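Me: Give me a close look at a single part of this model, the helix packing, and then place it in its surroundings. Short sentences, please, with the cut-offs stated.

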Amino acid sequence: MDTLLVPPEALQPAARRPGPLWLLAEVTYRCPLHCAFCYNPVDFAAAGPELSTDDWLSVIRQARTMGAAQFGISGGEPLLRDDIEILVAEARRLGFYTNLITSGVGLTEARLAALKEAGLDHIQLSFQDATREANDLITNTRTFDLKRKVAALTKAAGYPTVINCVLHRSNIDHLDRIIEMAAEIGAEYLELANTQYHGWAFLNREALMPSAAQLAEAEAVTERWRQKLGKKMRILFVTPDYQSKKPKKCMNGWGEVFLSVTPDGLALPCHTARMLPGLDFPDVREHALDWIWHDSPLFNRFRGTAWLPDTCQSCEDKDKDHGGCRCQAFMLTGNAGATDPVCPKSPDHALIEATLASAERQDNCHPLVFRDPKASKALGRAF
């Protein structure tokens, strides 16, 4: 046979899509905090039973076989489960880099020692503000002193101190003091994550969104501290989507690098995708992770750019942003397949402009809806 006449694809198998690089295990929706900006689904109380330890171990093993390298554990508050050390130990045995995202509630000295023994690589601790009063107000709990104690415990255990603080209208003007507090604690990393309006944050958007002037001042404060601290502390400032000039590629691309599994076993291409209607979310107890990633209708629905609407198909940036965030598009337009309204070219961009204009008025008369199971049940009935 003259191989020169054989098409190249016939000479070797078609290249297969790489597996996920990052597995996020959202092990529980239970949480002692009631943050008004939580990204968990507003109807989380309607979720099914949590996966068992064996279920999670199976997910971890399958993901590692597919090439996943980072294993994150979050919630809710993951430490409300008593098997986190088991999951960490197995992930570490398989070669994962392991990361725990926690409010600090439940992280005692004894449990920290057990997690370190299991091989936990990294801990990210959330703070909500720099003072007890402000921190406890937005979480509707008394946790500020506990967080300071946990920060000291993790540092004493040899972990880098990594702090996350979600910024919003009520605390963004305190940013100078927040960064000062992080420096006092001895944080090596500080992530200033401006609120993204999903889940409970979308419900509270009118009360949480800062003005353009507040955001600009926060960026200036951040830069001053970067210059002052140099390499002592790395400060990351995450710009809110609504106030960005261009949309961002959803989780670096829908179904490209990120795989999340919910407490009740649904596999998702991003943290908040279970809100999207008309999609069949595969259950890890019913399907192999390999099939979910490569072949399921869900992970292929918004993968790549072939599905993009006309507005995006003719855009030179379509390979950079893939049309933006699918959840954001749905929440603002009711259509998950629409161009993200954050994009100035979107036919729905006026929705963003109207929301930003409302934030400029700063009337702050909108009561917060705190995250809790009772509110979740009510909201679930309303959806």
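**Helix packing and what lies around it**

Reply: Ala113 has a relative accessible area of 46%, so it counts as partly exposed. That class lies between buried, under 20%, and exposed, over 50% (1.4 Å probe, protein chains only). Ala113 belongs to helix α4, residues 109–118. Helices here are DSSP runs of H or I with at least four residues, strands are runs of E with at least two, and both are numbered from the N terminus. Between the C-alpha atoms of Ala113 and Leu153 there are 9.8 Å, although 40 residues separate the two along the chain.

The model is predicted: local features need pLDDT of at least 70, side-chain atom pairs count only at pLDDT 80 or more, and totals for chains, interfaces and linings use all residues. Residues are numbered from 1 along each chain as its sequence is written, and side-chain values use heavy atoms, without hydrogens and water.

Now the focus: α5, residues 132–139, and α6, residues 144–156. Their axes come within 8 Å. They cross at roughly 110 degrees. Axes are lines fitted to C-alpha atoms over the stretch in contact, with angles from 0 to 180 degrees between N-to-C directions. The two helices are therefore roughly perpendicular to each other. That label covers 65 to 115 degrees; under 35 is roughly parallel, over 145 roughly antiparallel, and the rest oblique. On the α5 side, Arg132, Asn135 and Asp136 make the contact. On the α6 side, Phe144, Asp145 and Lys147 do so. Contact means heavy atoms within 4.5 Å.

Look at α5 by itself. Its buried residues are Ala134, Asn135, Asp136, Ile138 and Thr139. They pack against three elements: β4 (122–127), α6 and α9 (205–208). Asn135 and Asp136 are thus named both among the buried residues of α5 and in its contact with α6.

Next comes the link. Asn140 follows α5 and sits in the loop between α5 and α6. Its phi is near 60 degrees, a positive value in a residue other than glycine. Most residues other than glycine have a negative phi. Asn140 is partly exposed because its relative accessibility is 45%.

Then α6 meets α7. Here the axes come within 11 Å and cross at roughly 40 degrees. The pair is therefore oblique. From α6, the residues involved are Phe144, Arg148, Ala151 and Lys155. From α7, they are Met181, Glu184 and Ile185. Phe144 takes part in this contact and in the one with α5.

α7 leads into the interior. Helix α7, residues 175–185, gives the most to the largest nonpolar core, with six residues. Such a core is a set of buried Ala, Val, Leu, Ile, Met, Phe, Trp, Tyr and Cys residues joined through side-chain atoms within 4.5 Å. This one has 80 residues. Phe71, Leu175, Ile179 and Leu192 touch the most other members. Take Leu175, leaving aside its neighbours within four places in sequence. It is in contact with Leu167, Leu192, Ala218, Val221, Thr222 and Phe237. Another core, of 17 residues, lies apart. Its members include Leu33, Cys35, Ile138 and Ile352. Ile138 brings us back to α5, where it is one of the buried residues.

β4, a packing partner of α5, is also part of a sheet. The sheet is open and has nine strands. The order is β7-β6-β5-β4-β3-β2-β1-β8-β9, with mixed pairing. Two strands pair if DSSP finds at least two bridges between them. β7 (234–238) and β9 (267–268) each have a single partner strand, so one side of each is left without a neighbour in the sheet. β2 and β3 (residues 97–102) run parallel, joined by four bridges. Within this region, Gly72 stands opposite Asn99 in β3.

Backbone details beyond the sheet follow. Gly75 and Gly76 are joined by a cis peptide bond, with omega about 20 degrees. Gly76 lies in the loop between β2 (70–74) and α3 (84–94). His322 has a positive phi too, about 50 degrees, and is not a glycine. Its loop runs between α14 (318–321) and α15 (326–333). His322 is buried because its relative accessibility is 12%.

One more long-range pair: Asp55 and Arg285 are 230 residues apart in sequence but 7.1 Å apart, C-alpha to C-alpha. Asp55 belongs to helix α2, residues 53–65. At 25% relative accessibility, Asp55 counts as partly exposed.
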